[in-house]
Amino acid sequence: MFILRFLARRLFQGAIIVFLVSALIFTLLRVVPGDPVRLMAGGMAPEALIEQIATDMGLRDPIWQQFGRYIGGVVQGDLGQSFVRPANGAAVGGASFDDTTRSERAEVLTLIADTAPMTLQLALLAMGFALVIAVPIGVWGGLRPGGWPDRMALYLSSLFVSLPNFWLGIVLALVLSVKLQLMPAIGYKGFAYAILPALVLAIEIAPFLIRTLTVSVAGVMGQNFIDIARVRGLTRDQIVFRHALKNSSIPLLNLIGVQFSMLLGGVLVIEFIFDYPGLGLLTINAVMQRDFPLIQGIAIVTAAAFVLINIVVDLVATTIDPRLEY
Amino acid sequence: MSSIDITAAPAEPLRERKVSARIWRLAFASIEFRIGLAVLVLLIAAAVLYPSLSGIDPVKMNIKAKLTPPLFMGEGWAWSHPLGTDQLGRDMLVRALVGLRYSLLIGVSTTVLMLLVGALVGLFAGYFGGRTDMVLMRLTDAQLSIPMIILAITILGVSRPTIPSIILVLGLAGWPVYARVMRSTAMSERKKEYVRGAMVLGATDWRIMFALILPLVLPPMAFVAVLDIARMMIFESVLGFLGLGVQPPTPTFGNIIADGRKYLMNAWWIATMPGVFMVLVLTSINLMGASLERARNAIYGGA
């Protein structure tokens with residue numbers, strides 16, 4: 001019962017947030033200069049035809065009317081059709097205006113559903129790598145606050161956070177793929193292609209995890225129940241792994257919720273560098289091609305994902321530590 | 001926190017009056033801060049002086065000297081081009097240093113902008129509370145849930161990127177975090193004695209907000225914002241890399257690296273050298289920022 005009320009409240013708040021996001025992006029895209037119809041029809045199309053297509057698609061109506069129509073579709077699960085991508089996935093944009101093959105346009109929802117699992121795979125793998133890097137460094141630093149492992153954690157996280165992801169991607173691709181030929185880098189033909197992008201992403205996430213872990217482990221280790229555990233005769237390993245780590249994992253969870261947008265930003269750039277066919281590459285292409293429905297769809301889906309992830313994070317945090325309130 | 005200063009002053013005469021001065025002193029005592037400061041000052045001095053002293057134009061092409069490798073690396077290196085030249089014979093060191101100028105300019109002004117916007121929104125939301133708070137905070141949540149980079153590339157991708165528009169977009173995309181922090185501090189400050197006292201004395205809301213609360217809570221926030229300068233510099237270079245930053249021929253870290261990527265196989269230094277520069281600058285800023293943050297936390301008792 002308790003949990004149902006919590007879910008209802010959070011989902012309602014989330015719906016408001018998603019609505020605001022879509023209104024924001026929708027207005028923004030209509031206000032900025034650049035006519036998408038010009039790009040769809042091609043540079044050679046006559047002005048009259050452009051106007052006709054635009055009117056047919058309802059792009060000359062007032063913004064609030066367009067938005068009303070759009071949000072009506074979204075509520076029914078229809079995110080609209082891409083402006084430039086054909087359904088068969090072949091040529092994209094810039095074709096001549098009287099090309100008949102471009103009648104079938106891809107559904108935004110299908111485009112997103114096709115690429116999202118790829119991005120999810122990349123993100124999960126990166127999160128795994130990041131934990132493998134960050135947990136030892138962070139916990140060790142937290143166990144000796146002020147000592148050299150703590151300093152080490154500070155230096156390493158300062159260095160990691162200073163590595164621009166696109167540069168690191170290029171350097172690692174040059175060293176690991178070209179010079180040492182350890183793993184493939186560009187494109188996607190199997191799981192191995194996800195390793196290098198995930199590694200770069202992991203190094204981008206790791207400093208935040210390290211910093212949070214160091215602080216929270218140091219905080220937990222200074223508390224009463226740790227001293228009491230020592231009196232109870234528990235070994236050091238038991239104290240650290242069963243008591244301290246469990247309690248310091250909650251700030252870590254919250255961090256994942258808050259840093260979601262940063263993770264997504266990283267995904268975007270990294271997918272672009274490695275030509276990895278996920279949501280990020282889709283977004284960049286959509287922006288470059290002024291594919292308004294696709295940009296809107298991605299914004300809505302990511303906002304919804306943000307809301308859901310934060311709800312899940314809060315739920316998991318309460319199961320780890322029942323004292324927390326919703 | 002701050003009201004303690006006045007009451008505790010007689011007990012500890014050595015204690016300085018201003019919190020920010022104590023944070024500076026504590027941070028300056030750490031070795032990381034000094035190293036970071038030294039490296040940063042050196043690089044900024046180089047960025048300011050070297051391009052004009054050496055007289056090398058960052059956009060002047062010299063096809064005869066194209067693809068010169070850096071010192072001691074490969075054949076045909078020259079003292080006149082310590083970091084080598086690119087595919088059009090432009091000197092890499094000067095280009096990287098000019099790129100550093102733009103990067104710092106955009107990083108610092110963006111951070112200042114988002115600090116100001118965030119602090120104002122948070123101050124109003126936290127001070128007035130009620131309906132103002134709800135509207136402002138829901139807006140903040142909405143903006144926080146759009147990944148900043150999608151917002152930035154959407155706006156810059158469909159309009160022409162210029163330096164003011166980049167600063168504006170990054171600044172407006174980054175303020176929500178500050179608004180949240182500011183809101184919670186403003187809410188707790190509002191209940192304190194000195195604010196209530198000022199209210200009794202008949203001070204207006206504006207006077208309390210801008211003359212009493214803001215000068216007190218802004219400096220600690222500004223110290224942590226140093227870390228954001230580095231983050232914004234990375235952001236700027238990402239935009240440049242995607243072709244949405246400052247436009248060529250003006251060199252920036254992002255567009256040099258994007259350019260150099262095409263020549264990675266036969267001239268690795270074009271893409272990697274500016275990056276090394278960037279990592280040096282960013283690490284020094286981050287070291288300074290991290291020690292400032294630690295000093296602040298030590299003084300505020302780990303907030």
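This report describes chain A of a predicted model, its strands and helix packing, and the side of chain A that touches chain B.

**Chain A as a whole**

Chain A has 326 residues, and 39% of them are buried. Its secondary structure consists of 13 helices and 2 strands. Along the principal axes, the C-alpha atoms occupy a box of roughly 85 × 60 × 30 Å. Of the contacts in chain A with a separation of 6 or more, 73% join residues that are 24 or more positions apart.

**The two strands**

Strand β1 of chain A runs over residues 81-86, and 5 of its 6 residues are buried. Strand β2 of chain A covers residues 105-107 and pairs with β1(A) in the antiparallel sense, over 2 bridges. In one of these pairings, A:Gln81 has A:Glu107 in β2(A) as its bridge partner.

**Helix α1 of chain A and its packing**

Two packed helices are described by the angle between their axes and the distance between the axes. The table gives these values for two pairs that include α1(A).

| Helix pair | Angle | Axis distance |
|---|---|---|
| α1(A) and α13(A) | about 155° | 9 Å |
| α1(A) and α5(B) | roughly 70° | within 9 Å |

With an angle of about 155°, which is over 145 degrees, α1(A) and α13(A) are therefore roughly antiparallel to each other. The crossing of α1(A) past α13(A) is right-handed. Residues of α1(A) in this contact include A:Gly14, A:Ile17, A:Val21 and A:Ile25, while those of α13(A) include A:Ile295, A:Ala299, A:Ala303 and A:Val307. By type, the residues of the contact of α1(A) with α13(A) are 14 nonpolar, 3 polar and 1 charged.

The second pair joins the two chains: α5(B) is a helix of chain B, residues 130-145, and its axis crosses that of α1(A) at roughly 70°. This angle makes α1(A) roughly perpendicular to α5(B). From α1(A), the contact uses A:Ile16, A:Ile17, A:Leu20, A:Val21 and A:Leu24; from α5(B), it uses B:Arg138, B:Asp141, B:Ala142 and B:Ser145. These residues divide into 6 nonpolar, 1 polar and 2 charged. A:Ile17 and A:Val21 take part in the contact with α13(A) and also in the contact with α5(B).

**The side that touches chain B**

Across the whole interface, 38 residues of chain A are in contact with 36 residues of chain B. On the chain A side, at least two residues each come from α1 (2-31), α6 (148-161), α7 (165-179), α11 (260-274), α12 (279-288) and α13 (292-320). The residues on this side are 30 nonpolar, 7 polar and 1 charged.

Notes. Residues are numbered from 1 along each chain as its sequence is written. Chains are lettered from A and ligands numbered from 1 in the order in which they are written. This is a predicted model: local features need pLDDT of at least 70, side-chain atom pairs count only at pLDDT 80 or more; totals for chains, interfaces and linings use all residues. Two residues are in contact if their C-beta atoms, placed from the backbone, lie within 7 Å. Helices (H or I, at least four residues) and strands (E, at least two) are DSSP runs, numbered from the N terminus. Ala, Val, Leu, Ile, Met, Phe, Trp, Tyr, Cys and Pro count as nonpolar, Asp, Glu, Lys and Arg as charged, and the others, Gly among them, as polar. A residue is buried if 20 or more other C-beta atoms lie within 10 Å of its own, exposed if 12 or fewer, and partly exposed in between; C-beta atoms are placed from the backbone. Two strands pair if DSSP finds at least two bridges between them. Axes are lines fitted to C-alpha atoms, for helices over the stretch in contact, and angles run from 0 to 180 degrees between N-to-C directions. Angles under 35 degrees count as roughly parallel, over 145 as roughly antiparallel, 65 to 115 as roughly perpendicular and the rest as oblique. A crossing is left-handed if the near helix is turned anticlockwise from the far one by less than a right angle, and right-handed if clockwise.
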